[in-house]
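Please open the model in a viewer and keep the sequence at hand. The tour proceeds by selections, each followed by a short account of what is found there.

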Amino acid sequence: MQLYRIDTLFDCAIIGGGPAGLNAALILGRARRNVILLDNDTPRNAVTQESHGFITRDGIKPKEFREIAHKELGRYPSLRYEKREVVSVIKNNKNDKPSFELLTSENDELYQSKTMIIATGLKDVLPNIENISDYYGKSLFHCPYCDGYELRDKPLVVIIGEQVQGFHFIQIIYNWSKDLVVCTNNGEAFQNSKQKTLLENKGIKIIENKIKNFEGKNGQIEKIVFENGEKFLRKGGFVMPQLIQASDFGKELGCQYNPLGGIVVDSYGRTNIQGVYAAGDASVIAPAKLIIAAAEGVRAAAGVNMDLTQEEFLG
Ligand SMILES: Cc1cc2nc3c(=O)[nH]c(=O)nc-3n(C[C@H](O)[C@H](O)[C@H](O)COP(=O)(O)OP(=O)(O)OC[C@H]3O[C@@H](n4cnc5c(N)ncnc54)[C@H](O)[C@@H]3O)c2cc1C
C-alpha cells in the first residue's frame with residue numbers, strides 16, 4: 001500500500017466533526033493552534049429533521065448546524081478540515097513526548113499530530129424490529145428533552161427492552177403525554193410487579209408481545225403491528241436504543257472507560273493516556289445533547305492548549 005504522509009506536524013488532530021469536534025476546533029483555532037479536523041460525516045443525529053434545545057439554534061436542521069459551524073471555522077487560518085475516515089491511530093513516544101499518526105481510508109493519507117481529541121460520538125443500536133429505522137428520528141425518538149415537545153399529548157408507544165432504566169424512562173415520558181402504551185417487546189423489562197402496577201394505576205397499558213413492524217407514511221407511525229397479528233393505533237413514540245461507541249480508538253490507545261461505556265476524562269478532557277483527549281458523546285454518554293457535546297469540546301480544546309503551552313513554555 002502506498003502511503004501519503006502529510007508533512008505538517010499538527011498541534012492537534014481532532015477525529016470527529018460533530019458539535020464536540022467542531023467546538024474544539026473553534027477554540028483551538030482561536031488559540032492559534034495548528035489543527036487538522038478529520039470527519040467522515042456520519043453523525044449520530046443524521047436521521048433527524050430538526051434538533052432542539054440548543055439556545056439560539058432551536059429547531060435547526062443538523063446539516064445547517066454543520067454548515068454554520070464550518071463557515072465560522074473558515075475564519076481561522078490555522079484550522080484545516082478534511083472529509084476523511086480515520087481507520088487507525090498509532091501513538092509514538094520520543095523523549096517522553098507523545099505524537100500520533102492517523103491513517104485515513106481515502107488516499108491512504110497519514111496525518112501526524114502532537115495531541116489528539118477523540119470526538120467520534122456514539123451509534124444507536126435499535127431493537128430488532130423489521131422497519132424501525134424508517135421511523136427513528138421522524139416520529140420515534142430516544143430523548144424526550146430533544147423531541148418530546150413535538151409529540152406532546154399524542155398517543156405514544158414507549159418501547160423498552162431489558163434496560164435497567166426502562167421504568168424511569170416511562171415516568172419521564174409521562175410528563176409529555178399521558179396516553180402511553182408500553183411495549184416490552186417480549187423482554188423482561190420490569191424489575192418487579194410493583195412497577196407494572198404503578199404504571200397500570202396511571203392508565204398506562206403494557207403490551208408484552210413481540211412487535212413485528214410499524215405501519216405509517218413518511219416515517220410517521222400510524223400503527224404498531226405485533227407478531228400475533230394485533231395492531232395498535234399510535235402517533236409516535238420513544239425507544240431506548242443500545243448505545244455503542246462509534247469508534248474504538250479510545251480502546252486501542254488504552255483509555256479507561258466508565259461503567260456506561262464512556263471514555264473517562266478530567267474536567268479538561270484529558271484521558272488517562274498522555275496526549276489523548278476525548279469530548280462529546282464519546283465521553284459523556286448521558287445526557288447526550290448537542291450543547292453538552294459542544295461544551296465538552298471546549299473543555300478538551302482548553303486542555304490541549306494548556307498542556308501544549310506549558311510544554312512549550314518550560315521547554
Ligand atoms: C435521533 C436523534 C435525535 C437527536 N436529537 C437531538 C436534539 O434534538 N437535540 C440535542 O441536543 N441532541 C440531539 N441528539 C443527540 C446529539 O445528536 C448528540 O448528543 C450529538 O450529536 C453528540 O455530538 P458529538 O460531536 O459527540 O458526536 P456526533 O455528532 O455523532 O459526531 C461525531 C462525528 O464523528 C465522525 N466520526 C466517527 N468515527 C469517525 C472516524 N473513524 N473517522 C472520521 N470521523 C469519524 C462522525 O462522522 C460524526 O460526524 C439526537 C440524537 C439522535 C440519535
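The tour below visits the ligand and then a sheet, in a model that is predicted.

**The ligand and its shell**

Select the ligand together with its surroundings: 37 residues surround the ligand, and the closest are Asp 39, Asn 40, Thr 42, His 52 and Arg 66. Coloured by class, this shell shows 14 nonpolar, 13 polar and 10 charged residues.

Next, select domain 1 (4-123 + 243-314) and domain 2 (127-239); each provides at least three residues of the shell. Helix 1 (19-30), strand 2 (35-39), helix 3 (144-147) and helix 8 (290-314) may then be highlighted, as each supplies at least two shell residues.

**Polar contacts of the ligand**

Select Asn 40, where an N or O atom of the side chain is 2.4 Å from an oxygen atom of the ligand. At Arg 66, a polar side-chain atom lies 2.8 Å from a ligand oxygen atom. At Lys 289, turn to the backbone: one of its N or O atoms lies 3.2 Å from an oxygen atom of the ligand. Taken alone, the ligand exposes 990 Å², of which the protein buries 98%.

**The sheet of strands 12, 13 and 14**

Move now to the open sheet, in which three strands follow the order 12-13-14 with antiparallel pairing. Strand 12 (211-217) and strand 14 (231-233) are the edges; each has a single partner strand, so one side of each has no neighbour in the sheet. On average, neighbouring strands of this sheet are turned by 25 degrees against each other, direction ignored.

Finally, select strand 13 (residues 220-226) with strand 14: the two pair in the antiparallel sense over three bridges. Lys 223 has Leu 233 in strand 14 as its bridge partner.

Technical notes. Residues are numbered from 1 along each chain as its sequence is written. This is a predicted model: local features need pLDDT of at least 70, side-chain atom pairs count only at pLDDT 80 or more; totals for chains, interfaces and linings use all residues. Side-chain values use heavy atoms; hydrogens and water are left out. A residue is near a molecule or strand if one of its heavy atoms lies within 4 Å of it. A polar contact is a pair of N or O atoms within 3.5 Å; within protein, one must be able to donate a hydrogen and the other to accept it, and residues adjacent in sequence count only if both atoms are side-chain atoms. Accessible areas come from the Shrake-Rupley method with a 1.4 Å probe; for residues, only the protein chains shown count as cover. Helices (H or I, at least four residues) and strands (E, at least two) are DSSP runs, numbered from the N terminus. Ala, Val, Leu, Ile, Met, Phe, Trp, Tyr, Cys and Pro count as nonpolar, Asp, Glu, Lys and Arg as charged, and the others, Gly among them, as polar. Domain bounds come from an automatic or database domain assignment. Two strands pair if DSSP finds at least two bridges between them. Axes are lines fitted to C-alpha atoms, for helices over the stretch in contact, and angles run from 0 to 180 degrees between N-to-C directions.
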